[in-house]
Amino acid sequence: MSENHDIAIIGGGIMGCAAALRLASGGMAPIVLDRGDLGQGASGVNAGTLSLQIKRVRLMPYALKGHEEWARMGDAVGFRRTGGYTLAFTEREAELLTERQTLKAEAGAPIEFVTNNQVLSAEPNLTRRVLAASYCHEDGYANSSLTGQYYRGRLREASVPYRERCAVTSITRDTQGFVLHTGGPPIKARRILLAAGAWLKPVAAMLGVDLPVNARINTVSVTERMPPLFATVIGHATGLLTMKQKGNGTILIGGGWQGRGTPQEGRGEVIADSLIPNLSLAQFALPKLGQARVLRSWTGFEANVPDFYPLAGELPGVPDAFVLGCVRGGYTIGPYIGRLMGDFILGHSPEMPLFNPGRDFEKDAT
Amino acid sequence: MIRLVPDHSARIQRSEKVPFTFDGVALMGCADENLAAALMQAGVLHLRNAPGDGAPRGAFCMMGLCQECVVFVDGQSVESCRLTVSPGLAVKSRR
(Lines give C-alpha, C1' and ligand atoms only; values in the text may rest on other atoms or scores of the structure.)
Protein backbone atom coordinates (compact mmCIF):
# COMPACT_ATOMS: atom_id res chain seq x y z
CA MET A 1 0.00 0.00 0.00
CA SER A 2 1.46 3.34 -0.95
CA GLU A 3 0.94 6.10 1.52
CA ASN A 4 0.41 9.69 0.56
CA HIS A 5 0.20 12.41 3.13
CA ASP A 6 -0.04 16.16 2.89
CA ILE A 7 2.82 16.44 5.35
CA ALA A 8 5.15 14.12 7.21
CA ILE A 9 6.36 15.31 10.58
CA ILE A 10 9.64 13.82 11.77
CA GLY A 11 9.67 13.92 15.55
CA GLY A 12 6.70 13.19 17.78
CA GLY A 13 7.53 15.45 20.69
CA ILE A 14 5.41 18.32 21.92
CA MET A 15 6.19 20.56 18.96
CA GLY A 16 5.72 17.94 16.25
CA CYS A 17 2.45 16.70 17.78
CA ALA A 18 1.08 20.20 18.42
CA ALA A 19 1.85 21.18 14.83
CA ALA A 20 0.22 17.96 13.57
CA LEU A 21 -2.97 18.68 15.52
CA ARG A 22 -3.19 22.22 14.16
CA LEU A 23 -2.52 21.02 10.61
CA ALA A 24 -5.21 18.35 10.93
CA SER A 25 -7.75 20.83 12.28
CA GLY A 26 -6.87 23.11 9.36
CA GLY A 27 -7.74 20.39 6.86
CA MET A 28 -4.37 18.81 6.07
CA ALA A 29 -3.59 15.11 6.42
CA PRO A 30 -0.39 14.84 8.45
CA ILE A 31 1.52 11.77 9.63
CA VAL A 32 3.81 11.86 12.67
CA LEU A 33 6.93 9.69 12.75
CA ASP A 34 9.16 9.10 15.73
CA ARG A 35 12.31 7.03 15.98
CA GLY A 36 11.29 6.07 19.51
CA ASP A 37 7.97 6.59 21.24
CA LEU A 38 5.99 9.82 21.18
CA GLY A 39 7.14 12.41 23.69
CA GLN A 40 10.09 10.45 25.02
CA GLY A 41 12.86 12.89 24.14
CA ALA A 42 13.24 16.26 25.82
CA SER A 43 9.42 16.53 25.88
CA GLY A 44 9.16 13.60 28.25
CA VAL A 45 12.25 13.76 30.46
CA ASN A 46 12.53 17.44 31.38
CA ALA A 47 11.67 18.65 34.88
CA GLY A 48 8.25 19.94 33.79
CA THR A 49 8.77 23.46 35.12
CA LEU A 50 6.40 26.07 33.75
CA SER A 51 8.02 29.27 34.96
CA LEU A 52 7.89 32.68 33.35
CA GLN A 53 10.78 33.66 35.62
CA ILE A 54 13.17 31.50 33.59
CA LYS A 55 12.00 32.47 30.13
CA ARG A 56 13.98 34.64 27.72
CA VAL A 57 12.59 38.16 27.47
CA ARG A 58 11.95 38.01 23.73
CA LEU A 59 10.14 34.69 24.10
CA MET A 60 7.87 35.95 26.92
CA PRO A 61 4.77 36.52 24.74
CA TYR A 62 5.10 32.94 23.52
CA ALA A 63 5.63 31.63 27.05
CA LEU A 64 2.50 33.43 28.28
CA LYS A 65 0.52 31.77 25.49
CA GLY A 66 2.24 28.50 26.33
CA HIS A 67 0.98 28.73 29.91
CA GLU A 68 -2.56 29.12 28.58
CA GLU A 69 -2.12 25.96 26.51
CA TRP A 70 -0.87 23.96 29.50
CA ALA A 71 -3.72 25.22 31.66
CA ARG A 72 -6.15 24.00 29.00
CA MET A 73 -4.50 20.56 28.91
CA GLY A 74 -4.96 20.49 32.67
CA ASP A 75 -5.07 17.24 34.64
CA ALA A 76 -4.27 15.10 31.60
CA VAL A 77 -0.71 16.46 31.71
CA GLY A 78 -0.52 16.95 35.47
CA PHE A 79 -0.74 20.74 35.18
CA ARG A 80 -0.60 22.67 38.45
CA ARG A 81 -0.45 26.44 38.78
CA THR A 82 1.29 26.72 42.12
CA GLY A 83 3.06 30.05 41.83
CA GLY A 84 6.82 30.18 42.00
CA TYR A 85 9.61 31.93 43.89
CA THR A 86 13.04 32.76 42.54
CA LEU A 87 15.60 33.17 45.31
CA ALA A 88 18.84 35.10 45.71
CA PHE A 89 21.23 34.33 48.57
CA THR A 90 24.05 36.83 47.93
CA GLU A 91 24.33 40.50 46.94
CA ARG A 92 25.52 39.51 43.49
CA GLU A 93 22.59 37.14 43.03
CA ALA A 94 20.19 39.80 44.28
CA GLU A 95 21.46 42.22 41.63
CA LEU A 96 21.11 39.53 38.99
CA LEU A 97 17.59 38.77 40.20
CA THR A 98 16.51 42.41 40.11
CA GLU A 99 18.02 43.00 36.69
CA ARG A 100 16.63 39.86 35.05
CA GLN A 101 13.19 39.73 36.62
CA THR A 102 12.59 43.44 35.96
CA LEU A 103 13.15 42.83 32.24
CA LYS A 104 10.87 39.80 32.31
CA ALA A 105 8.15 41.74 34.12
CA GLU A 106 8.44 44.52 31.53
CA ALA A 107 8.01 41.84 28.87
CA GLY A 108 4.61 41.02 30.33
CA ALA A 109 5.21 38.35 32.97
CA PRO A 110 3.30 39.03 36.22
CA ILE A 111 6.46 38.95 38.32
CA GLU A 112 6.74 40.90 41.58
CA PHE A 113 9.54 41.32 44.07
CA VAL A 114 8.78 40.01 47.54
CA THR A 115 10.46 40.29 50.92
CA ASN A 116 12.28 37.55 52.74
CA ASN A 117 9.42 37.46 55.26
CA GLN A 118 6.82 36.99 52.57
CA VAL A 119 8.79 34.06 51.19
CA LEU A 120 9.23 32.48 54.59
CA SER A 121 5.63 32.86 55.63
CA ALA A 122 4.54 31.21 52.38
CA GLU A 123 7.29 28.56 52.41
CA PRO A 124 8.49 28.10 56.01
CA ASN A 125 10.77 25.19 55.13
CA LEU A 126 12.98 27.29 52.87
CA THR A 127 16.31 28.55 54.16
CA ARG A 128 16.33 31.72 56.28
CA ARG A 129 19.19 32.98 54.15
CA VAL A 130 17.09 34.44 51.36
CA LEU A 131 18.37 37.91 50.55
CA ALA A 132 15.96 38.79 47.76
CA ALA A 133 13.19 37.01 45.94
CA SER A 134 10.67 37.37 43.16
CA TYR A 135 7.29 35.71 42.80
CA CYS A 136 5.12 34.85 39.82
CA HIS A 137 1.63 33.51 40.44
CA GLU A 138 1.46 32.13 36.89
CA ASP A 139 4.27 29.66 37.53
CA GLY A 140 3.79 25.98 38.16
CA TYR A 141 4.55 22.68 36.55
CA ALA A 142 3.21 19.81 34.54
CA ASN A 143 4.26 16.17 34.49
CA SER A 144 6.51 15.70 31.50
CA SER A 145 6.27 11.91 31.70
CA LEU A 146 2.63 12.25 30.62
CA THR A 147 3.52 14.07 27.38
CA GLY A 148 3.63 10.94 25.21
CA GLN A 149 0.38 9.40 26.34
CA TYR A 150 -1.36 12.77 26.20
CA TYR A 151 -0.43 13.50 22.60
CA ARG A 152 -0.98 9.89 21.54
CA GLY A 153 -4.57 10.29 22.72
CA ARG A 154 -4.98 13.66 21.04
CA LEU A 155 -3.61 12.37 17.73
CA ARG A 156 -5.98 9.39 17.88
CA GLU A 157 -8.96 11.63 18.59
CA ALA A 158 -8.01 13.78 15.62
CA SER A 159 -7.47 10.67 13.45
CA VAL A 160 -3.87 11.70 12.79
CA PRO A 161 -1.76 8.65 11.99
CA TYR A 162 1.51 8.24 13.85
CA ARG A 163 4.32 5.72 13.71
CA GLU A 164 6.48 4.97 16.70
CA ARG A 165 9.85 3.21 16.54
CA CYS A 166 9.93 4.39 12.96
CA ALA A 167 13.30 5.99 12.27
CA VAL A 168 13.67 7.77 8.95
CA THR A 169 16.97 6.66 7.45
CA SER A 170 16.96 8.72 4.26
CA ILE A 171 14.79 11.17 2.39
CA THR A 172 14.51 11.38 -1.39
CA ARG A 173 12.30 13.44 -3.67
CA ASP A 174 9.80 12.45 -6.32
CA THR A 175 7.47 14.51 -8.45
CA GLN A 176 4.87 14.58 -5.66
CA GLY A 177 7.16 15.67 -2.88
CA PHE A 178 9.22 13.68 -0.39
CA VAL A 179 9.80 9.95 0.02
CA LEU A 180 10.79 8.96 3.54
CA HIS A 181 12.65 5.68 3.83
CA THR A 182 12.18 3.74 7.04
CA GLY A 183 12.49 0.09 8.00
CA GLY A 184 9.06 -0.49 6.46
CA PRO A 185 7.39 0.71 3.25
CA PRO A 186 8.44 4.21 2.21
CA ILE A 187 6.19 7.05 3.31
CA LYS A 188 5.29 9.74 0.78
CA ALA A 189 4.38 13.26 1.67
CA ARG A 190 3.99 16.51 -0.24
CA ARG A 191 5.60 18.48 2.56
CA ILE A 192 7.86 17.72 5.45
CA LEU A 193 8.31 19.23 8.93
CA LEU A 194 11.45 18.47 10.87
CA ALA A 195 10.69 18.56 14.59
CA ALA A 196 13.32 16.13 15.83
CA GLY A 197 14.65 18.18 18.74
CA ALA A 198 18.28 17.41 19.52
CA TRP A 199 18.32 15.10 16.48
CA LEU A 200 17.52 17.95 14.04
CA LYS A 201 21.05 18.17 12.70
CA PRO A 202 21.29 14.61 11.31
CA VAL A 203 17.69 14.79 10.08
CA ALA A 204 18.28 18.08 8.21
CA ALA A 205 21.50 16.61 6.82
CA MET A 206 19.37 14.01 5.01
CA LEU A 207 18.04 16.95 2.99
CA GLY A 208 21.51 18.39 2.50
CA VAL A 209 21.00 21.20 5.00
CA ASP A 210 23.50 21.92 7.74
CA LEU A 211 21.69 23.31 10.78
CA PRO A 212 24.04 24.54 13.53
CA VAL A 213 22.17 22.61 16.22
CA ASN A 214 23.90 21.81 19.49
CA ALA A 215 22.51 19.96 22.45
CA ARG A 216 22.68 20.77 26.12
CA ILE A 217 22.58 17.75 28.39
CA ASN A 218 20.38 18.79 31.28
CA THR A 219 20.28 16.78 34.49
CA VAL A 220 17.10 16.11 36.46
CA SER A 221 16.77 14.20 39.75
CA VAL A 222 13.83 12.89 41.72
CA THR A 223 13.75 12.06 45.43
CA GLU A 224 11.75 9.55 47.39
CA ARG A 225 8.35 10.65 48.67
CA MET A 226 8.56 13.18 51.45
CA PRO A 227 5.97 14.81 53.67
CA PRO A 228 4.74 18.12 52.21
CA LEU A 229 7.71 20.51 52.44
CA PHE A 230 6.82 23.23 49.94
CA ALA A 231 3.99 24.05 47.61
CA THR A 232 5.42 26.33 44.93
CA VAL A 233 8.05 26.04 42.23
CA ILE A 234 11.41 27.21 43.56
CA GLY A 235 14.12 28.67 41.37
CA HIS A 236 17.43 30.46 41.83
CA ALA A 237 18.53 33.87 40.54
CA THR A 238 21.21 32.25 38.39
CA GLY A 239 18.70 29.89 36.80
CA LEU A 240 20.73 26.95 38.09
CA LEU A 241 17.92 25.45 40.16
CA THR A 242 14.33 24.42 39.67
CA MET A 243 12.59 22.47 42.36
CA LYS A 244 9.02 21.34 42.95
CA GLN A 245 7.28 18.80 45.14
CA LYS A 246 4.73 16.71 43.33
CA GLY A 247 1.40 15.57 44.69
CA ASN A 248 2.84 12.16 45.55
CA GLY A 249 5.53 13.77 47.74
CA THR A 250 8.51 13.28 45.44
CA ILE A 251 10.73 16.29 44.80
CA LEU A 252 11.95 16.99 41.31
CA ILE A 253 15.24 18.89 41.03
CA GLY A 254 16.57 20.48 37.84
CA GLY A 255 18.41 23.60 36.82
CA GLY A 256 20.23 22.68 33.63
CA TRP A 257 23.36 21.15 35.15
CA GLN A 258 25.26 19.39 32.40
CA GLY A 259 25.70 15.66 32.00
CA ARG A 260 27.69 13.92 29.32
CA GLY A 261 26.90 12.38 25.95
CA THR A 262 25.53 13.20 22.54
CA PRO A 263 22.10 12.58 21.02
CA GLN A 264 23.75 10.30 18.44
CA GLU A 265 25.05 8.02 21.18
CA GLY A 266 21.66 7.62 22.79
CA ARG A 267 20.70 8.75 26.26
CA GLY A 268 23.19 10.98 28.03
CA GLU A 269 24.85 10.20 31.34
CA VAL A 270 24.72 11.94 34.68
CA ILE A 271 28.09 13.05 36.03
CA ALA A 272 28.77 13.43 39.73
CA ASP A 273 30.73 16.69 39.40
CA SER A 274 27.63 18.29 37.99
CA LEU A 275 24.98 16.53 40.06
CA ILE A 276 26.53 17.28 43.45
CA PRO A 277 26.52 21.10 43.14
CA ASN A 278 22.98 20.87 41.72
CA LEU A 279 21.79 18.94 44.78
CA SER A 280 23.84 21.15 47.14
CA LEU A 281 22.15 24.27 45.83
CA ALA A 282 18.76 22.59 46.19
CA GLN A 283 19.58 21.56 49.74
CA PHE A 284 20.82 25.03 50.59
CA ALA A 285 17.46 26.41 49.47
CA LEU A 286 15.52 23.67 51.27
CA PRO A 287 17.55 22.31 54.21
CA LYS A 288 15.11 19.45 54.87
CA LEU A 289 16.01 18.05 51.49
CA GLY A 290 18.98 16.59 53.35
CA GLN A 291 16.66 13.94 54.74
CA ALA A 292 15.53 12.79 51.32
CA ARG A 293 17.20 10.16 49.24
CA VAL A 294 17.60 10.69 45.52
CA LEU A 295 15.88 7.86 43.71
CA ARG A 296 17.10 8.58 40.24
CA SER A 297 18.98 11.17 38.22
CA TRP A 298 18.85 11.34 34.44
CA THR A 299 19.58 13.63 31.55
CA GLY A 300 17.69 15.01 28.57
CA PHE A 301 18.93 16.76 25.45
CA GLU A 302 17.87 20.35 24.93
CA ALA A 303 18.59 21.51 21.40
CA ASN A 304 19.75 25.03 20.59
CA VAL A 305 21.34 27.12 17.87
CA PRO A 306 24.10 29.69 18.54
CA ASP A 307 21.72 32.60 19.19
CA PHE A 308 19.46 30.47 21.44
CA TYR A 309 16.31 31.53 19.59
CA PRO A 310 13.95 29.04 17.95
CA LEU A 311 14.10 27.52 14.53
CA ALA A 312 10.54 27.92 13.28
CA GLY A 313 9.88 28.36 9.59
CA GLU A 314 10.98 27.17 6.16
CA LEU A 315 14.02 24.94 5.92
CA PRO A 316 16.51 27.04 3.94
CA GLY A 317 16.91 25.94 0.33
CA VAL A 318 14.38 23.09 0.39
CA PRO A 319 10.92 23.99 -0.93
CA ASP A 320 8.01 22.51 1.04
CA ALA A 321 10.28 21.60 3.94
CA PHE A 322 9.90 23.22 7.35
CA VAL A 323 11.74 23.05 10.63
CA LEU A 324 10.62 23.59 14.22
CA GLY A 325 12.80 23.24 17.28
CA CYS A 326 15.57 24.67 19.45
CA VAL A 327 13.09 26.65 21.53
CA ARG A 328 14.59 27.79 24.83
CA GLY A 329 11.89 26.88 27.33
CA GLY A 330 10.52 24.51 24.74
CA TYR A 331 8.42 22.51 27.19
CA THR A 332 6.46 25.65 28.13
CA ILE A 333 6.35 27.18 24.67
CA GLY A 334 6.14 23.98 22.58
CA PRO A 335 2.36 23.52 22.47
CA TYR A 336 1.90 27.13 21.37
CA ILE A 337 4.71 27.46 18.84
CA GLY A 338 3.64 24.10 17.39
CA ARG A 339 0.24 25.60 16.74
CA LEU A 340 1.81 28.71 15.17
CA MET A 341 3.90 26.48 12.95
CA GLY A 342 0.76 24.64 11.87
CA ASP A 343 -0.86 27.94 10.94
CA PHE A 344 2.21 28.97 8.96
CA ILE A 345 2.27 25.71 6.97
CA LEU A 346 -1.48 26.01 6.34
CA GLY A 347 -0.75 29.36 4.73
CA HIS A 348 -2.40 31.40 7.45
CA SER A 349 -0.45 34.15 9.02
CA PRO A 350 0.48 33.09 12.56
CA GLU A 351 -0.69 35.39 15.36
CA MET A 352 2.91 35.90 16.46
CA PRO A 353 6.02 35.97 14.28
CA LEU A 354 8.03 32.79 13.74
CA PHE A 355 11.83 32.54 13.71
CA ASN A 356 13.50 32.25 10.33
CA PRO A 357 15.76 29.18 10.31
CA GLY A 358 17.79 30.80 7.52
CA ARG A 359 18.92 33.77 9.62
CA ASP A 360 22.53 34.61 10.41
CA PHE A 361 22.90 33.01 13.84
CA GLU A 362 26.09 34.84 14.74
CA LYS A 363 24.76 38.30 13.85
CA ASP A 364 21.46 37.87 15.66
CA ALA A 365 23.03 36.70 18.89
CA THR A 366 21.62 39.24 21.31
CA MET B 1 18.99 -15.55 42.73
CA ILE B 2 20.38 -12.22 43.87
CA ARG B 3 20.41 -11.84 47.63
CA LEU B 4 19.79 -8.22 48.52
CA VAL B 5 20.49 -9.01 52.15
CA PRO B 6 23.60 -11.09 52.73
CA ASP B 7 23.05 -14.35 54.57
CA HIS B 8 25.04 -14.05 57.73
CA SER B 9 22.74 -15.93 60.10
CA ALA B 10 25.72 -17.82 61.43
CA ARG B 11 27.26 -14.55 62.66
CA ILE B 12 24.37 -13.57 64.92
CA GLN B 13 25.52 -13.86 68.52
CA ARG B 14 22.44 -15.14 70.36
CA SER B 15 24.30 -15.59 73.63
CA GLU B 16 25.11 -11.91 73.97
CA LYS B 17 22.64 -8.98 74.04
CA VAL B 18 23.92 -5.52 73.21
CA PRO B 19 22.30 -2.13 73.86
CA PHE B 20 21.06 0.16 71.08
CA THR B 21 18.56 3.00 71.00
CA PHE B 22 15.45 3.82 69.02
CA ASP B 23 14.44 7.49 69.21
CA GLY B 24 16.47 7.65 72.43
CA VAL B 25 14.74 4.67 74.04
CA ALA B 26 17.22 2.03 75.22
CA LEU B 27 16.65 -1.42 73.72
CA MET B 28 18.58 -4.67 73.68
CA GLY B 29 19.26 -6.90 70.72
CA CYS B 30 21.58 -9.62 69.55
CA ALA B 31 24.77 -8.32 67.97
CA ASP B 32 24.78 -8.71 64.17
CA GLU B 33 21.08 -9.46 64.13
CA ASN B 34 18.97 -7.81 61.44
CA LEU B 35 17.91 -4.40 62.79
CA ALA B 36 14.31 -4.59 61.57
CA ALA B 37 13.99 -8.01 63.21
CA ALA B 38 15.57 -6.76 66.44
CA LEU B 39 13.15 -3.82 66.54
CA MET B 40 10.25 -6.22 66.07
CA GLN B 41 11.58 -8.42 68.86
CA ALA B 42 11.71 -5.35 71.07
CA GLY B 43 8.09 -4.58 70.21
CA VAL B 44 8.80 -1.62 67.91
CA LEU B 45 6.65 -2.00 64.82
CA HIS B 46 5.97 1.62 63.92
CA LEU B 47 9.13 2.86 62.16
CA ARG B 48 7.93 5.70 59.99
CA ASN B 49 4.90 7.58 58.77
CA ALA B 50 3.69 7.48 55.21
CA PRO B 51 4.69 10.72 53.52
CA GLY B 52 1.20 11.26 52.11
CA ASP B 53 -1.43 10.64 54.77
CA GLY B 54 0.92 10.12 57.71
CA ALA B 55 -0.33 6.57 58.38
CA PRO B 56 1.99 4.31 60.41
CA ARG B 57 4.43 2.13 58.49
CA GLY B 58 6.77 -0.69 59.49
CA ALA B 59 8.89 -3.48 58.09
CA PHE B 60 7.10 -5.23 55.26
CA CYS B 61 9.21 -6.89 52.60
CA MET B 62 12.31 -7.47 54.75
CA MET B 63 14.52 -7.53 51.68
CA GLY B 64 15.41 -3.94 50.99
CA LEU B 65 12.78 -3.12 48.41
CA CYS B 66 9.62 -1.66 49.91
CA GLN B 67 11.28 1.15 51.89
CA GLU B 68 8.64 0.91 54.61
CA CYS B 69 11.21 0.17 57.34
CA VAL B 70 13.48 3.12 56.54
CA VAL B 71 15.08 4.79 59.57
CA PHE B 72 17.80 7.40 60.14
CA VAL B 73 21.23 6.20 61.21
CA ASP B 74 24.09 8.71 61.29
CA GLY B 75 21.83 11.21 59.56
CA GLN B 76 21.22 8.96 56.60
CA SER B 77 18.03 7.24 55.55
CA VAL B 78 18.60 3.51 55.44
CA GLU B 79 16.43 0.41 55.30
CA SER B 80 16.51 -1.16 58.77
CA CYS B 81 16.13 -4.60 57.16
CA ARG B 82 19.52 -4.09 55.56
CA LEU B 83 21.32 -3.08 58.75
CA THR B 84 22.50 -5.13 61.67
CA VAL B 85 22.50 -4.38 65.36
CA SER B 86 25.76 -3.23 66.89
CA PRO B 87 26.52 -2.00 70.41
CA GLY B 88 25.46 1.63 70.87
CA LEU B 89 23.72 1.91 67.50
CA ALA B 90 21.51 5.03 67.57
CA VAL B 91 18.43 4.68 65.39
CA LYS B 92 16.06 7.55 64.71
CA SER B 93 12.63 6.98 63.29
CA ARG B 94 11.05 8.83 60.41
CA ARG B 95 7.80 9.09 62.39
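Student: What covers the buried residues of α8(A)?

Tutor: The cover includes β5 (84–88), β13 (214–223), β14 (233–236), β15 (242–245), β16 (251–254) and β17 (294–304) of chain A. Keep in mind that this is a predicted model.

Student: Which residues of α8(A) are buried?

Tutor: They are A:Ser274, A:Leu275, A:Asn278, A:Leu281, A:Ala282 and A:Ala285.

Student: What makes you put them on one side of α8(A) or on several?

Tutor: The arc they cover around the axis is only 130°, which puts them on the same side of α8(A). On the other side, A:Asp273 and A:Ile276 are exposed.

Student: Why do residues three or four places apart point the same way in an α-helix?

Tutor: An α-helix has 3.6 residues a turn, so residues at that spacing point the same way.

Student: How do you know whether the span of α8(A) is close to the expected one?

Tutor: Helix α8 of chain A (residues 272–285) has 14 residues, and at 1.5 Å a residue the expected span is 20 Å. From its first C-alpha to its last, α8 reaches 20 Å, which is close to that value.

Student: What does the comparison give for helix α1 of chain A?

Tutor: Helix α1 (residues 14–25) has 12 residues and reaches 17 Å, close to the 16 Å expected.

Student: Why is α1(A) called mostly covered?

Tutor: Of its 12 residues, 9 are buried. Among them are A:Ile14, A:Met15, A:Cys17 and A:Leu23. Just after α1(A), A:Gly27 takes a positive phi of about 100°.

Student: Why is A:Ser43 called buried or exposed?

Tutor: The relative accessible area of A:Ser43 is 15%. The limit for buried is under 20%, so A:Ser43 is buried. A:Ser43 lies in helix α2 (residues 42–45) of chain A. Not counting residues up to four places away in sequence, A:Ser43 touches A:Gly13, A:Ile14, A:Ser144, A:Thr147 and A:Tyr331.

Student: Why is the pair of A:Phe322 and A:Phe344 called stacked, tilted or edge-to-face?

Tutor: First take another pair, A:Tyr62 and A:Phe355, with 5.3 Å centre to centre and 50° between the planes. Ring centres must lie within 6.5 Å to pair, and planes under 30 degrees apart count as stacked, over 60 as edge-to-face and the rest as tilted. The pair of A:Tyr62 and A:Phe355 is therefore tilted. For A:Phe322 and A:Phe344 the values are 6.0 Å and 90°, so that pair is edge-to-face.

Student: What makes A:Phe322 and A:Phe344 a link between parts of the chain?

Tutor: A:Phe322 lies in strand β19 (residues 321–325) and A:Phe344 in helix α9 of chain A, so the pair ties together parts that are 22 residues apart in sequence.

Student: How do you know whether A:Phe322 is buried or exposed?

Tutor: A:Phe322 has 8% relative accessibility, and the limit is under 20%, so A:Phe322 counts as buried.

Student: Why is A:Phe344 not placed in that class?

Tutor: The relative accessible area of A:Phe344 is 28%. Exposed needs over 50% and buried under 20%, so A:Phe344 is partly exposed.

Student: What makes A:Arg56 count as sitting over the ring of A:Tyr309?

Tutor: The charged end of A:Arg56 is 4.2 Å from the ring centre. The distance limit is within 6 Å, and there is an angle limit as well, within 35 degrees of the ring normal. The charged end of A:Arg56 sits over the ring. Ring pairs link A:Tyr309 with A:Tyr62, A:Tyr336 and A:Phe355 into a cluster.

Note on methods
Residues numbered from 1 in each chain as written. Chains lettered and ligands numbered in written order. Predicted model: local features only at pLDDT ≥ 70, side-chain atom pairs only at ≥ 80, totals over all residues. Heavy atoms only, no water. Helix = DSSP H or I, 4+ residues; strand = E, 2+ residues; numbered from the N terminus. Buried < 20%, exposed > 50% of the residue type's maximum accessible area, 1.4 Å probe, protein only. Contact = heavy atoms within 4.5 Å. Expected span 1.5 Å × (residues − 1). Arc of directions from axis to C-beta.
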